Amino acid sequence: MTKHPAPSRRTVAKSALLGAAAVLLGPAAARAAEETAALRLPAPTGPHRVGLRTFALTDTSRDDPWEPGAREVMISVLHPARTVRGFPRAPQLTPAEAREFAGLAPLVHPGLPAAGVDWGAVLTHGHVNAPPLPGRRPVLLYSPGGGDSRTLGTTLAEDLASHGRVVVLVDHPGDASQVELPSGMRWTALRGNPDPETFRTMIDTRVADLRFVLDRLGDLPLTPVMDLRRIGVYGHSAGGTAAVHALASDDRIAAGVNLEGFLDLDPGLVAGLDRPLLMFRTDGFEFADRLERSWAGLPARRVLLTDANHWVLSDYAHLVPQLQAAGLVTAGTRAALVGAGDTATTALVRHGVRAFFDHRLRAPAPPTRPRRAPQ
């Protein structure tokens, strides 16, 4: 690949974001501060401990839409573990990602603190390289919300894995806030809510990422514990949009869950959906009218979450209340991000998603009519 002498998009993006941080937050807040808040993720509820492995994949058939070079994707695979003794718990973010996110957090999600949080100390319940429990299990792919990294879907993924599923968290570099790749750190190219052209690029890229990961699952060391005849997909926000588009265009996927994602990007594709779909939305989402219009007429089960807001469908559901308790975010910020509800909301999401996939992935999906190629 030809090297470009001008600064790459990742360099320009980071410079712009950090420059905005200095203006919006002030010099003192933009500087690194002593990190104090200790945040924890809730334990999964299933009978199995969870193993975790991370893989870097390169799709040499595609150019990255955000900067020059072949498309690179990071994934984390969570699975029931045979044992976790001697295998450490993984941090939610790598040390380098945590340092970057500390500066990006209040820009990606306004109201998050610019200082006072040790993001690198947040541990998951996934044990790095723990051996898998024998047996072939259904596989679930996850696409995160716009601007979020894959690991902000850790809590739901760990819960599904603890109940006997293999869960693949997919990062979308250039879209996610930050992703540490073998080739270096990538930062988000997003600036606030995306315009229609940017949103189209995001979703098309995410769907291509999901399909590429599906292509590569059979090459991974964990393939022996995956039942590739039973595949589901779920996603949050832009990830929910991508999940439904992937479900509608790839017959390898048997069922999907949309966690508050718009479905008005390609109405014709969505209207032809003939696979089971479950959709969650919150009563506090500021774009609820658009969401409901985009969902109209679609044969899918719907669940409304009360006293909740958009990011309650991610790990922020657990992190933001702890930040409020530590005095690092206001009640208004909490309401704007996750709502004022309690853990009953996330328990409902966990149970609903798990029960849906348990029912829909009992057996391999039957053959269906041919689908048109994805756009």
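Among contacts between residues at least 6 apart in the sequence of the protein, 76% join residues that are at least 24 apart. This value, like those that follow, was computed from a predicted model. The protein has 375 residues, of which 55% count as buried. Its exposed surface amounts to about 15,600 Å², and carbon and sulfur atoms supply 55% of that area. In terms of secondary structure, 10 helices and 12 strands are present.

An open sheet is formed by 10 strands, arranged in the order S3-S4-S1-S2-S6-S5-S9-S10-S11-S12 with mixed pairing. Strand S3 (89-91) and strand S12 (301-305) are the edge strands, each of which pairs on one side only. From one strand to the next, the twist averages 30 degrees. Within this sheet, strand S1 (residues 50-63) is paired with strand S2 (residues 70-80) in the antiparallel sense, and the pairing extends over 11 bridges. One position illustrates the pairing: Thr54 has Ser76, in S2, as its bridge partner.

Helix H5 (residues 238-249) lies across four strands, namely S5 (137-143), S9 (226-236), S10 (255-259) and S11 (277-282). Relative to S9, the helix runs at about 140 degrees. H5 contains 12 residues and reaches 17 Å from its first C-alpha to its last, which is close to the 16 Å expected at 1.5 Å a residue. Because 12 of the 12 residues of H5 are buried, this helix is largely enclosed by the rest of the structure. The buried residues include Ala238, Gly239, Gly240, His245 and Ser249. In an α-helix there are 3.6 residues a turn, so residues three or four places apart point the same way. The buried residues of H5 pack against both strands and helices: S5, S9, S10 and S11 on the one hand, and helix H4 (196-216) and helix H6 (267-271) on the other.

The loop between S10 and H6 contains Leu265. Leu265 is buried, since its relative accessible area of 18% falls under the 20% limit for that class. Apart from neighbours within four places in sequence, Leu265 is in contact with Phe199, Arg200, Ile203 and His245. Leu265 and His245 are 20 residues apart in sequence, and their C-alpha atoms are 9.4 Å apart in space. Glu260 is found in this loop between S10 and H6 as well. Glu260 is also buried, with a relative accessible area of 1%. Its phi is near 60 degrees, a positive value in a residue other than glycine.

A positive phi also occurs at Asn129, where the angle is about 65 degrees although the residue is not a glycine. Asn129 is placed in the loop between strand S4 (123-128) and S5. Its relative accessibility of 43% means that Asn129 counts as partly exposed, whereas Glu260 is buried.

Thr154 belongs to helix H3 (residues 154-162). With a relative accessible area of 4%, Thr154 is buried. When residues up to four places away in sequence are not counted, Thr154 touches Leu41, Gln92, Thr124, Leu169 and Asp315.

Terms used: Residues are numbered from 1 along each chain as its sequence is written. This is a predicted model: local features need pLDDT of at least 70, side-chain atom pairs count only at pLDDT 80 or more; totals for chains, interfaces and linings use all residues. Side-chain values use heavy atoms; hydrogens and water are left out. Helices (H or I, at least four residues) and strands (E, at least two) are DSSP runs, numbered from the N terminus. Buried means under 20% relative accessible area, exposed over 50%, partly exposed in between (1.4 Å probe, protein chains only). Contact means heavy atoms within 4.5 Å. Accessible areas come from the Shrake-Rupley method with a 1.4 Å probe; for residues, only the protein chains shown count as cover. Two strands pair if DSSP finds at least two bridges between them. Axes are lines fitted to C-alpha atoms, for helices over the stretch in contact, and angles run from 0 to 180 degrees between N-to-C directions. The expected span of a helix is 1.5 Å times one less than its number of residues.
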